Amino acid sequence: MPRPSEPTRERIVQAANSLFYSEGIRRVSVDEVAAKAGLTKRTLYYHFKSKDDLVAAYLAARDQPNLALFRKWFAEAEGGVPAKVEAIFRNLARSARHPKWKGCGFLRTSAELANMPGHPAIRIGAAHKKKFEDWLRATFAEQGIADPLKLARQILLLLDGSFAVVLLHRDASYMETAGEAARTLIETALPKPGRKRG
């Protein structure tokens, strides 16, 4: 019984992803999502009890693919950790040059729901950013960096700040500049050869 309903649910989430990301969650109605998915509104409400649930599902569906993409860019980049983290910013800058790029879906959704801090989508967005921070922290800890959490947060701030500025100016070079700053921060934090810590 659940198996046939899974593709329908996925279709709805894909339609929501396309519309919410390009237009914003407040501008898109449930009717529009149902129409794009080729379903009735009643069918949509069979799978999602409210628009809030649909918005949460939209962000949840972006979580793992986004994190996997960051890890892929990191793994494929040449050089040490500073260069690999910079590569994430460089790849994001390339994405930001695409005409359909609309910034970070998590940040845009949190801005639209700023007056609703308990919204499930806000919690999903916060958890997504925390996962990225935790991954960076673990990566930096492996490198012997003294305060890996502080550095991870600095990189996250550069990343999210660049999302905001690039969206404002439509100039992806800000993302590249943030990547250069991230690289410098990491290079400075790496333990120097021959120097003992603590």
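How far apart should the ends of H5 be, given its 16 residues at 1.5 Å a residue? The answer is 22 Å. In this model, which is predicted, the end C-alpha atoms of H5 are 23 Å apart, so expectation and model agree.

Stay with H5 for a moment. This helix covers residues 81-96. H5 is mostly covered, with 13 of its 16 residues buried.

One buried residue there is Glu86. Its relative accessible area is 13%, and buried means under 20%, so Glu86 qualifies. Who is its partner? Glu86 forms a salt bridge with Arg183, and the closest N and O atoms are 2.8 Å apart. That pair links distant parts of the chain. Glu86 sits in helix H5, Arg183 sits in helix H9, residues 173-189, and the two are 97 residues apart. Arg183 is partly exposed, at 31% relative accessibility. There is a third member too: Glu86, Arg183 and Glu187 are linked in a network of salt bridges.

Now the wider count. How many salt bridges does the structure hold? It holds 10. Side chains of opposite charge can pair when their charged atoms come close. Let me show two further examples.

Take Arg153 and Glu133. They form a salt bridge, with the closest N and O atoms 3.4 Å apart. Arg153 lies in helix H8, residues 148-169, and Glu133 lies in helix H7, so this bridge ties together parts that are 20 residues apart in sequence. Is Glu133 buried or exposed? Glu133 is buried, with a relative accessible area of 6%. Arg153 is partly exposed, at 41%.

Next, Glu23 and Arg27. Their salt bridge has its closest N and O atoms 3.9 Å apart. Glu23 is partly exposed, with a relative accessible area of 36%. Arg27 is exposed, with a relative accessible area of 65%. The cut-off for exposed is over 50%, so Arg27 passes it.

On to the pocket. Rolling a probe the size of a water molecule over the atoms shows where empty space is left. The largest pocket has about 260 Å³ of space. Its lining is made of 17 residues. Which of them lie nearest its centre? Arg62, Asn66, Leu69, Leu92 and Phe163 do.

Where does the lining come from? Four helices each supply at least two residues: H4 (51-76), H5 (81-96), H6 (105-112) and H7 (120-142). H4 gives the largest share, with six residues. By class, the lining has 10 nonpolar residues, five polar and two charged.

Last stop, Lys129. This lysine is found in helix H7, one of the helices that help to line the largest pocket. Is Lys129 buried or exposed? Lys129 is buried, with a relative accessible area of 13%. What does Lys129 touch, leaving out residues up to four places away in sequence? The list is Cys104, Phe106, Leu107, Leu156, Asp160 and Phe163. Phe163 should sound familiar: it is among the residues nearest the centre of the largest pocket.

One distance to finish on. Lys129 and Lys84 are 45 residues apart along the chain. Their C-alpha atoms are separated by 19 Å.

To recap, H5 is mostly covered. Its Glu86 forms a salt bridge with Arg183, in helix H9. And H4 supplies the largest share of the lining of the largest pocket.

Note on methods:
Residues are numbered from 1 along each chain as its sequence is written. This is a predicted model: local features need pLDDT of at least 70, side-chain atom pairs count only at pLDDT 80 or more; totals for chains, interfaces and linings use all residues. Side-chain values use heavy atoms; hydrogens and water are left out. On a 1 Å grid over the protein atoms alone, a cavity is a set of points where a 1.4 Å probe fits but cannot get out, and a pocket is an open set with protein on both sides within 12 Å along at least five of seven lines; lining residues have an atom within 4 Å of a point. Grid points are joined across faces, edges and corners, and a volume is the space filled by probe spheres set on the points. Ala, Val, Leu, Ile, Met, Phe, Trp, Tyr, Cys and Pro count as nonpolar, Asp, Glu, Lys and Arg as charged, and the others, Gly among them, as polar. The expected span of a helix is 1.5 Å times one less than its number of residues. Buried means under 20% relative accessible area, exposed over 50%, partly exposed in between (1.4 Å probe, protein chains only). A salt bridge is a side-chain nitrogen of Lys or Arg within 4 Å of a carboxyl oxygen of Asp or Glu. Contact means heavy atoms within 4.5 Å.
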